[in-house]
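Let's take a friendly walk through this protein together. Keep the 3D view open as you read.

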Amino acid sequence: LVTTFTQPRMKSISYLFVLSLLALGCSQGPTTHLFILSGQSNMARLNPEDSFTPAVQAEFGAENVIVVKDAWGGQPIRRWYKNWKPAEGDTPIADGALYDSMMVKVNSATTGRSVDTITFLWMQGESDARELHGTVYGASLVGLVDQLQQDLGRDDVQLVVGRLSDFDMDNARFQHWTMVREVLVRTAESYPKGAWIDTDDLNDGLDRQGNEISNDLHMSGDGYTVMGQRFADAAIQLINE
């Protein structure tokens, strides 16, 4: 009697255990990842569909990825960061208009969806290097990410920045070029979940019009494809850590 009673009971318990694990897995559901790409011309010229989006979709599944890009050429960070201040004086003045433009797209893309991770990918700094605002760039970038986190109601936004290329390492045309370049790296490395990508080898070769370029302000045609892949690789690594 003991044998006939114990065996069915053991099976019943194991079935319940397996069912509970399956229910737990189903309740968790798939993880959704939001990627926000913004910045000035070198981000504006990047087509996510060439390399970035395929890479993150291959890693996480197309149905689990949301990619939003909003970038504008020739714009300083004060067009995004609303509390931006110059090192001295009261001008120029921040307006944050491009940030608002970006957030319209973000809110539209995420309506009705729960997002598990958010990665902010930033390729900008050329204008601030030209306008000699490098001394406040680091605080401005941190402030911009904090602004984004506050508006999204999160404290876990990941940051991936593209370091300015080797276009003006002598600071001849953009006097704060190397300063902003170094600040971008320092900010990314000190951020809780941050990373940066190298672009020094991406601004040589043929541009999209077929013209030969060398150490150009903008990337080559192939350079933008590689840049998108590097952004994706860095973002994927942060998410999987």
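The tour below goes from one helix to a pair of strands and ends in the core. Please keep in mind that this is a predicted model.

Start at helix 6, which covers residues 137-152. Its 16 residues reach 23 Å from the first C-alpha to the last, close to the 22 Å expected at 1.5 Å a residue. Many of its side chains are worth finding in your viewer: the buried residues of helix 6 include Tyr 137, Leu 141, Leu 144, Val 145 and Leu 148, and Gly 138 and Gly 143 are buried too. The buried residues pack against several neighbours, among them strand 1 (33-39), helix 4 (97-110), strand 3 (117-123) and helix 7 (177-190). Right after helix 6 comes Gly 153, with a positive phi near 65°.

Another of those packing partners is strand 4 (158-162), which brings us to the next stop. Strand 4 pairs with strand 5 in the parallel sense, over four bridges; in one of the pairings, Val 161 has Trp 196 of strand 5 as its bridge partner. Together with helix 7, these two strands make a right-handed β-α-β unit. Along strand 5 (residues 194-197), side chains alternate between faces: Ala 195 and Ile 197 are buried on one, while Gly 194 and Trp 196 point to the other and are not buried.

Finally, look at the largest nonpolar core, which has 63 residues. Phe 35, Phe 120, Leu 121, Trp 122, Met 227 and Phe 231 touch the most other members. Helix 8 (residues 221-240) gives the largest share of this core, nine residues. Phe 231 ties back to the strands we just visited, since its contacts include Val 160, Val 161 and Ile 197.

Terms used:
Residues numbered from 1 in each chain as written. Predicted model: local features only at pLDDT ≥ 70, side-chain atom pairs only at ≥ 80, totals over all residues. Heavy atoms only, no water. Expected span 1.5 Å × (residues − 1). Buried < 20%, exposed > 50% of the residue type's maximum accessible area, 1.4 Å probe, protein only. Contact = heavy atoms within 4.5 Å. Pairing = 2+ DSSP bridges. Right-handed = clockwise from strand over helix to strand, strands pointing away. Core = buried A, V, L, I, M, F, W, Y, C linked by side-chain atoms within 4.5 Å. Lists of a residue's contacts leave out its neighbours within four places in sequence.
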